[in-house]
Amino acid sequence: MMKYNQNAPTLSLGYDLDLLERGEKSKIMLNLSRSQNTHLLCIGQSGSGKSYSLISYLSKLSLAEPQGEILFADFKGEFEWLSGCPRYFPYKNAYNAVEIAYNMLSARLSGDDVSENPLTFIFDEYVSAILSQTAEDKKAAALTMSKISEILLMGRACGRASVRFWCFTQRCDSLVFPVGSREQFGGAVIALGMVSKEAKQMMFSDFTEDFKGRILGRGEGRVILNGSTLRHVKIGQINTDKAQALCKAALLKPL
Ligand SMILES: Nc1ncnc2c1ncn2[C@@H]1O[C@H](COP(=O)(O)OP(=O)(O)OP(=O)(O)O)[C@@H](O)[C@H]1O
Ligand SMILES: [Mg+2]
């Protein structure tokens with residue numbers, strides 16, 4: 001039997017909403033161990049709380065894995081307070097971040113990089129970024145998507161430390177998320193607030209019953225952990241100043 005590692009790093013995705021409604025505070029935890037799938041997809045319409053959750057998760061990650069490395073692509077340039085951080089890639093620099101993350105993965109796979117530090121590549125507004133690149137240069141967009149697929153596929157198998165992709169997106173598009181994408185993310189799939197018909201079909205086809213009569217608002221969502229059952233989550237409030245300072249410190253580390 002595999003020994004339970006009490007020291008395995010974990011990350012709270014928020015409170016179990018159903019238990020919270022019954023007065024019990026219990027967190028939904030993502031296991032960050034290398035042996036686990038730790039990719040994450042967060043979808044939600046505008047204002048559902050994606051960027052808020054992103055700050056919450058990024059700041060918690062920096063505490064859970066102080067030795068870890070983070071890259072953050074912000075296609076909408078929403079997080080201007082991170083300007084000047086070498087690991088922050090706003091607007092079209094987001095595409096450079098894909099290149100950098102992919103090269104880091106390749107170096108770890110080939111053994112050129114024997115780093116033991118997990119790398120987390122976080123992308124806000126991924127689908128918008130791909131659709132925009134597709135409109136400008138189809139080939140370049142196909143290359144970006146293939147690099148992300150490689151990270152999703154190989155990120156766990158590389159060397160001593162994993163490379164994971166955390167994707168936050170408003171839009172859901174079958175060009176970017178073909179059939180099987182939910183399995184690719186595997187670690188955690190989160191849908192905040194109201195879920196569009198396409199998103200339901202693409203990511204929650206096994207759980208359509210849950211969408212009948214259950215309305216979730218800002219900062220609330222549905223989570224599928226490791227492809228198993230669906231749970232409801234409430235993203236707890238953050239201390240914004242403290243969380244922003246932690247994000248900044250993580251992204252100020254030299255590249
Ligand atoms: N869990 C939460 N608790 C408290 N306030 C929240 C929470 N989630 C979001 N908010 C607030 O709701 C507003 C919208 O959230 P946010 O910017 O994260 O949405 P978004 O999904 O990123 O939207 P967009 O797609 O337009 O970027 C913000 O003012 C944010 O502070
Ligand atoms: Mg946002």
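**Helix packing, an open sheet and a magnesium site**

Good morning. Helices α4 and α5 pack with their axes 6 Å apart, at an angle of about 145 degrees. Two packed helices are described by exactly these two quantities, the angle between the axes and the distance between them. I should state at once that this is a predicted model.

On the α4 side, the residues making this contact are Y126, I130, Q133, T134 and E136. On the α5 side they are K138, A140, A141, T144, M145 and I148. By character, the contact residues divide into six nonpolar, three polar and two charged.

Let us stay with α4, which runs over residues 126–136. How many of its residues are buried? Eight of the 11 are, and the helix is therefore mostly covered. The buried ones are Y126, V127, S128, A129, I130, L131, Q133 and T134. Among the elements that cover them are α3 (93–110), β6 (119–124), α5 (138–154) and β7 (163–169).

Just before this helix, in the loop between β6 and α4, lies E125. The phi angle of E125 is near 70 degrees, a positive value in a residue that is not glycine. Is E125 buried or exposed? Its relative accessibility is 2%, so E125 counts as buried, the limit being under 20%.

I turn now to the sheet. It is open and is formed by 10 strands, in the order β2-β1-β10-β9-β8-β3-β7-β6-β4-β5, with mixed pairing. At its edges stand β2 (27–31) and β5, each of which pairs on one side only. From one strand to the next, the twist averages 25 degrees. Helix α4 packs on this sheet, where it touches β6 and β7. The direction of α4 makes about 85 degrees with that of β7.

As a reminder, strands of a sheet pair through backbone hydrogen bonds, either parallel or antiparallel. Which sense do we find for β9 and β10? Strand β9, residues 220–225, and strand β10, residues 230–234, pair in the antiparallel sense over five bridges. Within this pair, I224 stands opposite L230 in β10.

The loop between β9 and β10 holds N226. N226 also has a positive phi, of about 50 degrees, although it is not a glycine. With a relative accessible area of 47%, N226 is partly exposed, whereas E125 is buried.

My last topic is the metal site. Which residues coordinate the magnesium ion, ligand 2? They are S51, through OG, and E78, through OE, at 2.1 to 2.6 Å. These two residues link distant parts of the chain, being 27 residues apart. S51 belongs to helix α2 (residues 50–64), while E78 sits in the loop between β4 (69–74) and β5 (88–90). S51 is buried, its relative accessible area being 15%. E78, at 35% relative accessibility, counts as partly exposed.

Let us examine the helix that carries S51. At 1.5 Å a residue, the 15 residues of α2 should span 21 Å. The C-alpha atoms at its ends are 20 Å apart, which agrees with that expectation. Like α4, which is mostly covered, helix α2 is mostly covered, with 11 of its 15 residues buried. The buried residues of α2 include K50, S51, S53, L54, I55 and S56. Further along the helix, Y57, L58, S59, L61 and S62 are buried too.

To close, I return to the starting point: α4 packs both with α5 and on the sheet. Thank you for your attention.

Definitions and conventions: Residues are numbered from 1 along each chain as its sequence is written. Chains are lettered from A and ligands numbered from 1 in the order in which they are written. This is a predicted model: local features need pLDDT of at least 70, side-chain atom pairs count only at pLDDT 80 or more; totals for chains, interfaces and linings use all residues. Side-chain values use heavy atoms; hydrogens and water are left out. Donors are N, O and S atoms within 2.8 Å of the metal (3.2 Å for Na, K and Ca); water is not among the atoms, so sites may look incomplete. Helices (H or I, at least four residues) and strands (E, at least two) are DSSP runs, numbered from the N terminus. Buried means under 20% relative accessible area, exposed over 50%, partly exposed in between (1.4 Å probe, protein chains only). The expected span of a helix is 1.5 Å times one less than its number of residues. Contact means heavy atoms within 4.5 Å. Two strands pair if DSSP finds at least two bridges between them. Axes are lines fitted to C-alpha atoms, for helices over the stretch in contact, and angles run from 0 to 180 degrees between N-to-C directions. Ala, Val, Leu, Ile, Met, Phe, Trp, Tyr, Cys and Pro count as nonpolar, Asp, Glu, Lys and Arg as charged, and the others, Gly among them, as polar.
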